[in-house]
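Colleague: I should be grateful for a close look at a single part of this model, with its surroundings explained for a first-year student. Please choose one helix and describe what lies around it.

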Amino acid sequence: MIIKKLKSQPPGRLITLGFLAVILIGTLLLLLPVSVKPQADVTFIDALFTSTSAVCVTGLIAIDTADHFTVFGQAMVALLIQIGGLGVTSVGVGLIIAAGKKVSIKSRILVREALNVDSTQGMVKLVKAILTMTLLFETAGAILSFLVFSQDYSPLHALGISVFHSIAAFNNSGFDILGGLQNLIPYQQNVLLNLTTCGLIIFGGLGFLVILDIGKHRRFRKLTFHSKIVIVTTLVLIAVGTILLKATEPISWLGAFFHSVSARTAGFSTYAIGDFTNAGLFVLCILMFIGASPGSTGGGIKTSTFFVLFQSAKSMFSKKPAGAFHRSIAKENIAKSYMIMMLSLAVVCIGTFLMCVLEPDCTFIQLMFEVVSAFGTVGLSTGITPTLSVAGKLVIIVIMFIGRLGAFTLLSMWIDHPEPNIRYSQESISIG
C-alpha cells in the first residue's frame, strides 16, 4: 500500500523523500559504535548535521570528521557525499543497470527531473556516461592528490586521504579528513594540490551535461547555448572573484584563485576564513550565493540563473531583447530566474534572522556567512559551526537541505492543481 502510494507521487516529492531517507540512514550509520572513535562524543544532532552536510554536498561540520569518526565512519561520509553529488535517482538507476534489470519509465522521469533535462530519451545512456565520467575524474584526482599526501603520510593512509579528497572535491563538498579542523591550510602553498582541487571543483560544478557537450564537440562555437552560458559565466566569476579577493585580503594570488573557485560551492579553504575582512567575506558571500551550474554537484542560484538575470537587466536599459551568442532568452527562463532569485533571497533572509535570534553571541556577518554557505551548499565557515546551539544547527540543516534541492523545487512540488483558465485585464501601476 505504501509502495503503491509512493509510486503515485510526483517526481519532485519522490526525489525529496529519497534525499531525506539517505540522510536518515546516514545519521544512523554514523552513530554506530563501529563508526565512532573510542572516547569521541558524537551526539544525534552532530550525526544528523554531518549526514545532511555530506548528502547535500556542503562541507559544514559541527565536529571534525577525522577526529571523531573511524575509517568506517569516514568511508560512510565519503559514500554519502558520492550519493548526494550524483543524486539519489542517478545512483538508484546505476544500481538497476549494474544488476542487469530494465529501467522503468518512472525511474527515467525521476532522473530527468533530477538532472533538469527536457526529455527521457537516452536516460540510461546518460546515467552510464555520468557514472563513467565521475569515476574517471575522481580516479585522476586521487592519483594527483596521492603524489602530495604521500609525502606526509604512510602510503595506505595517504591513499585513503586522496580518495576521500578526490570524491569530496569533484562533488563540491568541502569535507576533509586531515583532522584538527584545519582543512587544507597546511597545503596553502602546494601548487599541485591547489590546482588539482580547483580542477575537480570546476568540472564538478560545470554540470554533467556541459562536460559531455564539451567532450562531444570540442569547439566552443559548436557547444549548446546552455554550455556557452555556463562556461563563460564560470570563467568570469572565477576571474572577478580572484581579483576582488586579492584586493581585499593579504593572501597570495594562488590563494585568491583557490578561494574564488572553492567559494562557488566546494568549501575547501587554504586560509582561515575567520581572519578575512568583512569585504572579503562579502565577496565570498556573493560567490557562494551564485553557486555552480544546473545539473552539477553544486548549489546556489546557479550560474545560468545569474546570467539570465544580468542579461534581463541589461535588456531593460538597452531596450533590446535579452540574449547572447546570437540567441534570445525565452521569457519563461527570465520569469523562472526572477522567481528563483526571490525565493533564494527569502531563504537567506529568514535563515539569517533566525540565526541572529538563536545565536546572539555571534556577529551578523558571521551568521549571514554561515547561512549563505549552507544555502549555497558550500561549506566555508568563519569557525562558528561547532559552537552553534542545537536550534542553530537545526536551522542550518534545513537550509542545507533547501539549498541542495532548490527552493523553487521544494515550493513547486506541492503545487499539483492546474492553472485556472482565467485572464484579467491589465492595468499599469507606479514602479520605483
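Modeller: The account below begins with one helix and then moves outward to the rest of the chain.

The model is predicted. The helix chosen is α14, which runs over residues 278-290 and has 13 residues. From its first C-alpha to its last it reaches 19 Å, close to the 18 Å expected at 1.5 Å a residue. Its buried residues are Gly280, Leu281, Val283, Leu284, Cys285, Leu287, Met288, Phe289 and Ile290. An α-helix has 3.6 residues a turn, so residues three or four places apart point the same way.

What do the buried residues of α14 pack against? Their partners are the helices α12 (225-248), α13 (253-262), α15 (303-318), α16 (331-358) and α17 (364-375). After α14 comes Gly291, with a positive phi near 75°. In the loop between α14 and α15 lies Lys302. Lys302 also has a positive phi, of about 90°, although it is not a glycine. Lys302 counts as buried because its relative accessibility is 16%, and the limit for that word is under 20%.

Among the neighbours, α12 deserves attention. Its 24 residues should span 34 Å at 1.5 Å a residue, and its end C-alpha atoms are 34 Å apart, so the two values agree. The residues buried in α12 include Ile229, Val230, Ile231, Leu237, Ile238 and Leu245. Also buried there are Ser227, Lys228, Thr233, Thr234, Gly241 and Thr242. The buried residues of α12 pack against α14, and also against α10 (191-206), α11 (208-217), α13 and α15.

Another neighbour, α16, holds Ile350. Together with Phe353, Leu354, Val357 and Leu358, Ile350 makes a nonpolar surface patch of about 470 Å². Is Ile350 buried or exposed? Ile350 is exposed, because its relative accessible area is 52% and the word applies over 50%.

The interior of the chain can be described next. The largest nonpolar core has 101 residues, of which Ile81 and Ile396 touch the most other members. A second, separate core has seven residues, including Ile229, Val308, Ala324 and Ile329. Ile229 is also one of the buried residues of α12. Leaving aside residues up to four places away in sequence, Ile81 touches Ala54, Val57, Phe164, Ile167, Ala168, Asn171, Ser173 and Phe175.

Charged residues also meet in this model. Side chains of opposite charge can pair when their charged atoms come close. The structure holds one salt bridge. Asp46 forms it with Lys393, and the closest N and O atoms are 3.0 Å apart. The pair links distant parts of the chain, with Asp46 in helix α3 and Lys393 in helix α18 (residues 390-405), 347 residues apart. Asp46 counts as buried because its relative accessibility is 7%. Lys393 is buried as well, with a relative accessible area of 7%.

Finally, the chain as a whole gives the setting for α14. The protein chain has 19 helices and two strands. Of its 432 residues, 53% are buried. Among contacts with a separation of 6 or more, 69% are between residues 24 or more positions apart. The accessible surface comes to about 20,800 Å², and 67% of this belongs to carbon and sulfur atoms.

Notes
Residues are numbered from 1 along each chain as its sequence is written. This is a predicted model: local features need pLDDT of at least 70, side-chain atom pairs count only at pLDDT 80 or more; totals for chains, interfaces and linings use all residues. Side-chain values use heavy atoms; hydrogens and water are left out. Helices (H or I, at least four residues) and strands (E, at least two) are DSSP runs, numbered from the N terminus. The expected span of a helix is 1.5 Å times one less than its number of residues. Buried means under 20% relative accessible area, exposed over 50%, partly exposed in between (1.4 Å probe, protein chains only). Contact means heavy atoms within 4.5 Å. Patches are made of residues with over 30% relative accessible area and no salt bridge: like charges are joined within 9 Å, nonpolar side chains (Val, Leu, Ile, Met, Phe, Trp, Tyr) within 5 Å. Accessible areas come from the Shrake-Rupley method with a 1.4 Å probe; for residues, only the protein chains shown count as cover. A salt bridge is a side-chain nitrogen of Lys or Arg within 4 Å of a carboxyl oxygen of Asp or Glu. A nonpolar core is a set of buried Ala, Val, Leu, Ile, Met, Phe, Trp, Tyr and Cys residues joined through side-chain atoms within 4.5 Å.
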